[in-house]
Amino acid sequence: MPWLKRLLKLKNLDREKSTLDENKMKKRKLGNSGLEVPLIIFGGNVLGWTVDEPTSFKLLDAWLAEGFNCIDTADVYYRWAPGKQGGESETILGNWMKRRGNRQHVLIATKVGIEMGPNRKGLSRAYILQAVEDSLRRLQTDYIDLYQSHQDDPDTPPKETLATYAQLIRQGKVRAIGASNYTVDRLTRSLQVSRQNGWPAYQSLQPLYPGYFIVGLNKEAARGSEGLKSLSQMKTPLTASCATDCNEEPLLFQDLGS
């Protein structure tokens, strides 16, 4: 898989002791979600944006063939590109999984919260319930493995958001939940609300600048997270991601350790 090896070299990951073949086989438990993810995760924001559907299929086929199985996307990808309206990445993923008949072999992480259009944003109960159905339709599946709050919604109490996620998990539409671009204070508050109400808690964090955030996370939020993980995005042409434990030094990112 030459393009992936070039990607790893680009990020100086070739200096790590773990080889590509070893990384394919290694999995980490994602918090207490019951999900196990590989060390490297395919970032799906390029699908339908910088690569068309046929090329996307080739990349995804190669990714799965090499032993990886987790793909991260969002409902909004890639709305801010000229001529796009959002949902393109999820749509291509859905078409690919249907064509290949491989849904059971793939872990799909997607997100909700960033504006998709007028009155279509945030983490209110009403909007999440609408948005999850839209994502399920585009993905052509009846469940999402990891459903993530793409960014915090200061206008919606965490209790409303987390109660809605708890409902979706009970209904089987979502297996686990995660957060993205949260401050330490808001993440800590969300974890407290889940714990106080006996609801499912955020099991992953995907910060924009992980090296700066995780120091604060380790000192505060991680103490009550019971295994909170981070899907720390690497900004690369393929936007791969590295699954890391907030309480230990990541295998693929030397600069994220606490």
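A residue counts as exposed when its relative accessible area is over 50%, and as buried when that area is under 20%. Keep those cut-offs handy for this tour of a predicted model.

**Stop 1: Asn119**

Select Asn119, in the loop between E5 and H5. Its relative accessible area is 78%, so Asn119 is exposed. Now check the backbone: phi of Asn119 is near 60 degrees, a positive value in a residue that isn't glycine. Why pause on that? Because most residues other than glycine have a negative phi.

**Stop 2: Gln140**

Next, pick Gln140, in the loop between H5 and strand E6 (144-149). Gln140 is another non-glycine residue with a positive phi, this one near 55 degrees. Is Gln140 buried, exposed or partly exposed? With 36% relative accessibility, Gln140 counts as partly exposed.

**Stop 3: a cis peptide bond**

Go to Tyr77 and Tyr78 and show the backbone atoms. The peptide bond from Tyr77 to Tyr78 is cis, with omega near 0 degrees. Most peptide bonds are trans. Tyr78 sits in the loop between E4 and H4, so let's head for that helix next.

**Stop 4: helix H4**

Select residues 88-100, which make up helix H4. Try the distance tool on its two end C-alpha atoms: they are 18 Å apart. That agrees with the expected span of 18 Å, because 13 residues are counted at 1.5 Å a residue, using one less than the number of residues.

Now color the buried residues of H4: Glu88, Ser89, Glu90, Ile92, Leu93, Gly94, Trp96 and Met97. What do they pack against? The partners are helix H3 (53-65), strand E4 (70-72), strand E5 (107-112) and helix H5 (125-139). Before leaving, click on Gly101, just after H4, where phi is positive at about 60 degrees.

**Stop 5: H4 against H5**

Show H4 and H5 together as ribbons. Their axes are 6 Å apart, and the two helices pack at an angle of about 45 degrees. That makes H4 oblique to H5. For the side chains at this contact, select Glu90, Thr91, Leu93, Gly94 and Met97 on the H4 side, and Ser135, Arg138 and Leu139 on the H5 side.

**Stop 6: aromatic pairs**

Time for some rings. The model has 7 aromatic pairs. Start with Phe42 and Trp63: the ring centres are 5.4 Å apart and the planes stand at 70 degrees, so this pair is edge-to-face. Phe42 belongs to strand E3 (residues 40-43) and Trp63 to helix H3, so the pair ties together parts that are 21 residues apart in sequence. Both Phe42 and Trp63 are buried.

Then select Tyr165 and Tyr202, another edge-to-face pair, with 6.3 Å from centre to centre and 70 degrees between the planes. Tyr165 is in helix H6 (residues 158-170) and Tyr202 in strand E8 (residues 202-206); they are 37 residues apart, and their pairing links distant parts of the chain. Tyr165 and Tyr202 are both buried. Add Tyr147 and Tyr182 to your selection, and you have one aromatic cluster of Tyr147, Tyr165, Tyr182 and Tyr202.

**Last stop: a charge over a ring**

Finish at Arg103 and Tyr143. How far is the charged end of Arg103 from the centre of the Tyr143 ring? It sits over that ring, 4.0 Å from the centre.

Conventions: Residues are numbered from 1 along each chain as its sequence is written. This is a predicted model: local features need pLDDT of at least 70, side-chain atom pairs count only at pLDDT 80 or more; totals for chains, interfaces and linings use all residues. Side-chain values use heavy atoms; hydrogens and water are left out. Helices (H or I, at least four residues) and strands (E, at least two) are DSSP runs, numbered from the N terminus. Buried means under 20% relative accessible area, exposed over 50%, partly exposed in between (1.4 Å probe, protein chains only). Contact means heavy atoms within 4.5 Å. Rings of Phe, Tyr and Trp (its six-membered ring) pair if their centres lie within 6.5 Å; planes under 30 degrees apart count as stacked, over 60 as edge-to-face and the rest as tilted. A charge sits over a ring if NZ of Lys or CZ of Arg is within 6 Å of the ring centre and within 35 degrees of the ring normal. Axes are lines fitted to C-alpha atoms, for helices over the stretch in contact, and angles run from 0 to 180 degrees between N-to-C directions. Angles under 35 degrees count as roughly parallel, over 145 as roughly antiparallel, 65 to 115 as roughly perpendicular and the rest as oblique.
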